[in-house]
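User: Please take a close look at the packing in this model and describe it in one connected account. Individual residues should be placed in their surroundings wherever that is possible.

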Amino acid sequence: MTGVPASAAGGSSGARRAGPRGTSGPAAEPGECTSAGTAPGRTGSGRGAGTGTGEAGRGEAGRGGTELGTVQRGVAPGGATEGGAAGRGGKIAAAAVNQASVWNVANLLTMLRLLLVPAFVALMLGNGGYDPAWRSFAWAAFAVAMITDLFDGHLARTYNLVTDFGKIADPIADKAIMGAALICLSALGDLPWWVTAVILGRELGITVLRFVVIRYGVIPASRGGKLKTLTQGVAVGMYVLALTGPLATLRFWVMAAAVVLTVMTGLDYVKQAIVLRRRGIAERRAALKETDG
């Protein structure tokens, strides 16, 4: 036995002792670990119960060590997995925390614009609706609303303050203040009802059109649309003020330009919606053909 390593010899003697006592089960077969390899795993020796050669013992010891290492690694990766999950949870939590709050400056400006709608109506119709002082206060409320409309969207995009509330409330506030001003002016006889109908009909129609084609894509805002909004704001503001003389004539032409831009940009949106829908239908058909093919 001089050529047999001590580990193999120990393994053999362990095998001879295991059988007679009957405490550890039958004698280990060549190449097997005692107690199904659990004892070596617990003791950390990973010693194989060989019968003849130390190579078998060393081989089993290697596998025993591998098993032990696997168990140990199983715990570590588990912890790492839990840590990774915690890390991902932390990122999600951080993202939730970093997500823009509803009470940010952009949304506060939108809320202010919504609150200005009833205030504008009250000022516009105050004292019979023809008092220059009350109309001046109404113009101030309308001007503040239009200015906040310019800033809240810019702030939301620049400083990542976009929220679901803002996406819904911002267009509602825009149409509410403009619609209130147009209806008040037409009710007071300062503006023909057909002008109010064209402008409000276009705004509501384009809003509905956007929702109809949303499944195919989003219709982007054009420069013409922004120019239309600016021209409408200037024209309505001039009508809110009790202007006379050349300024009253000027506001007529500004409103005429606003109506023209309203119709032209509305037709452009309709054209974009038709193209977007056709493209979406064509892409779906192509995808179905590829799937069937």
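Analyst: A contact here means heavy atoms within 4.5 Å. By that criterion, residues 24 or more positions apart account for 69% of the contacts in the chain with a separation of 6 or more. The model is predicted, so local features need pLDDT of at least 70 and side-chain atom pairs count only at pLDDT 80 or more, while totals for chains, interfaces and linings use all residues. Residues are numbered from 1 along each chain as its sequence is written, and side-chain values use heavy atoms, with hydrogens and water left out.

The chain contains nine helices and zero strands, which gives the pattern α-α-α-α-α-α-α-α-α along the sequence. These elements are DSSP runs numbered from the N terminus (helices: H or I, at least four residues; strands: E, at least two). Of the 293 residues, 34% count as buried, that is, under 20% relative accessible area, whereas exposed means over 50% (1.4 Å probe, protein chains only).

The pairing of helix 8 and helix 9 is a suitable place to begin. Helix 8 spans residues 223–240, and helix 9 spans residues 246–292. Their axes come within 8 Å and cross at roughly 150°; axes are lines fitted to C-alpha atoms over the stretch in contact, and angles run from 0 to 180 degrees between N-to-C directions. Helix 8 is therefore roughly antiparallel to helix 9, a description that applies to angles over 145 degrees. Helix 8 contributes G224, G225, L227, K228, T231, Q232, V234, A235, V236, M238 and Y239 to the contact, and helix 9 contributes L247, L250, R251, F252, V254, M255, A257, A258, L261, T262 and T265. These residues divide into 14 nonpolar, six polar and two charged. In this grouping, Ala, Val, Leu, Ile, Met, Phe, Trp, Tyr, Cys and Pro are nonpolar, Asp, Glu, Lys and Arg are charged, and the others, Gly among them, are polar.

Within this interface, Q232 of helix 8 counts as buried because its relative accessibility is 3%. Leaving aside neighbours within four places in sequence, Q232 is in contact with A258 and T262, and also with M178, I199 and E203. The C-alpha atoms of Q232 and M255 are separated by 6.9 Å, although the two residues are 23 positions apart along the chain.

M178 also takes part in the packing of helix 5 with helix 6. Helix 5 (residues 132–158) and helix 6 (residues 164–187) meet at an angle of about 155°, with their axes 11 Å apart. This pair is therefore roughly antiparallel as well. The contact joins R135, F142, A145, M146, D149 and D152 of helix 5 to D170, D174, I177, M178, A181 and L185 of helix 6. Seven of its residues are nonpolar, none is polar and five are charged.

Among the charged residues of this contact, D149 lies in helix 5 and is buried, because its relative accessible area is 17%. Not counting residues up to four places away in sequence, D149 touches D170 and D174, together with R113 and T229.

Ahead of helix 5, the loop that follows helix 4 (105–125) holds N127. Phi of N127 is near 55°, a positive value in a residue other than glycine. N127 counts as exposed because its relative accessibility is 56%.

Key:
Parallel < 35°, antiparallel > 145°, perpendicular 65-115°, else oblique.
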